[in-house]
Amino acid sequence: MLDRQITQTFVELADTLVVGFDIIEILQTLTERCVDLLDVDAAGILLVDARGTLQMVAASTEQARLLELFQVQDEDGPCLDCFHTGEQVACADLTTEPQRWPRFAAVARERGFAAVQAVPLRLRDQVIGAMNLFRAEAGAIPADTIAVAQSFADVATIGILNMRALARSEQVAEQLQIALTSRIVIEQAKGALAERRKVSVGEAFTLLRAYARSHSRPLTDVARAVVNRDPTVADLTLRKPR
Amino acid sequence: MAAGVIKAGVTKDCATAIPRRRVAAVSSDRAVRIAAAINGLAQAEGVPVSIRHVSQACADAVDAVGVAVYLISEFGLGEPLYATDPVSEHITELQVTLGEGPATMALEEHRPILEPDMTGVHAQRTWPLFGPESVADGVLGVFAFPLTMGAIAVGALEIYRPRTGPLSATELDDAFVFSDMAMQLILDAVDDDPAMMEATLLASDFGLRWAELHQAVGMVSAQLDSEVTTAFLRLRAHAFRTGRRLLSVADDVVNGRLRFDEESSDDSEPTP
């Protein structure tokens, strides 16, 4: 029964490999599955953002959420150590190691957690975050539980990196399209204006640039308006009487 | 990405202190060999690496009569960016004029289109207009590779051979690496400042002649008081109907030798 639920969780995580999934939703579900299946009382996930700042993105309970936030604000806690080292970090009893993460341990105990396990969200050299598992009772979390948690984290990591690569490639493709299209529109506008004003293409370009400057509009905008026969640039395109 | 990832980086040439762009291979013997060939061409000219060098090195490596690179443009077609020789230029012009061909299909379908025999039934059926024209130009084998980033195709690299027959396994593998290199250069150019982008991508004679086509489209759209798409189709139809080259028709329009006013007799023909 447990095996089937664990398998089912992997299937859900595999959704991260499909375009259009909601990453926060999936990570939130993952924290809840960890609580359901791994005999822990709370779970939370931190991810590093584009600027290199760790952000709490999901937690199974409000308490875990608060703890993750605390860790991030105060730079002190197992999840942060895990992220910085890329290795699993554990503490079976926070009361016996108060010096390790003094402020985190105090808050954790206050919230009713005694044991903690952190696993990295990592693919080879890239660490993109960490997942924390919390228990109310002191005691080491069993090795096979940790192994399953790590596997969940591994699949989620691949999904996130895949999604980011795709987003970046879309962004670059868009930039390329814009750069190329702008160039085309400007050439089209040169031709259209040359015809309308009965001037050479070179002179048309000069007129376009002068208009863009005097109206404080980007050249590409003006070009697009000319090409689209936009009435707002009628004063540019109308043939001037001699 | 797997083995064969090619990264381009800026390195300083200590002797001349000019920033040089090199294509650097990070893994695989094939990629190292290909990067060396491309860099060699650029260094021989004393210029930064550009699409021109990638295309020429590719033509040498796969024993082709020419290579062309397209970028996807606003009409969903490829806009020819560079071609290694006049025959290749003509082939790209044909594809844009006729709206069909291997590179066009590679862009649409996001997969390589490999045609070892333009005289064969498959080619004639798939590209009834382009096929015979390609053969008439002496290009019997055409192999097109989309330049992709994940799900998105931003252009194509097309290889032309003067004889029938497929690319060998080695040539095929090489072609994929050359396509990756072309993609990397284009990516880098997008990140660069506009002046650098012009140098890398857009400053070949061939590219400038395509600018004339867009100017002609603008002129015709003003002459007809129509959308640019209509103007483009009319220009293309004229080239197709008269058997003239599209760029030559564009040149006539830009220089006032050809007009598309409603009254002119050129306009009586419907678009194909």
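Biologist: How many residues of chain B are in contact with residues of chain A?

Modeller: Chain B contributes 25 residues, in contact with 23 residues of chain A; contact means that the C-beta atoms of two residues, placed from the backbone, lie within 7 Å. This is a predicted model: local features need pLDDT of at least 70 and side-chain atom pairs count only at pLDDT 80 or more, while totals for chains, interfaces and linings use all residues. Residues are numbered from 1 along each chain as its sequence is written, and chains are lettered from A and ligands numbered from 1 in the order in which they are written.

Biologist: Which element gives the largest share of the side of chain B that touches chain A?

Modeller: That is α9(B), with 10 residues. Helices (H or I, at least four residues) and strands (E, at least two) are DSSP runs, numbered from the N terminus. By class, this side of chain B has 16 nonpolar, 7 polar and 2 charged residues; Ala, Val, Leu, Ile, Met, Phe, Trp, Tyr, Cys and Pro count as nonpolar, Asp, Glu, Lys and Arg as charged, and the others, Gly among them, as polar.

Biologist: Why are α9(B) and α11(B) called oblique to each other?

Modeller: Their axes come within 8 Å and cross at roughly 55°. Angles under 35 degrees count as roughly parallel, over 145 as roughly antiparallel, 65 to 115 as roughly perpendicular and the rest as oblique. The crossing falls in none of the named ranges, and the two helices are therefore oblique.

Biologist: What classes of residue make the contact of α9(B) with α11(B)?

Modeller: There are 9 nonpolar, 1 polar and 3 charged residues.

Biologist: What makes the largest set of 104 residues a nonpolar core?

Modeller: A nonpolar core is a set of buried Ala, Val, Leu, Ile, Met, Phe, Trp, Tyr and Cys residues joined through C-beta atoms within 7 Å. Buried means that 20 or more other C-beta atoms lie within 10 Å of a residue's own (12 or fewer: exposed; in between: partly exposed), with C-beta atoms placed from the backbone. A:Val226, B:Cys58, B:Ala182 and B:Leu235 touch the most other members. Helix α6 of chain A, residues 143-197, gives the most to this core, with 10 residues. Apart from it lies another core, of 47 residues, including A:Leu30 and A:Val116.

Biologist: Which residues of helix α8 of chain A are buried?

Modeller: A:Val222, A:Ala223, A:Ala225, A:Val226 and A:Val227 are buried there. The buried residues of α8(A) pack against α6, α7 and α9 of chain A together with α9 and α10 of chain B. Just after α8(A), A:Arg229 takes a positive phi of about 55°.

Conventions:
Axes are lines fitted to C-alpha atoms, for helices over the stretch in contact, and angles run from 0 to 180 degrees between N-to-C directions.
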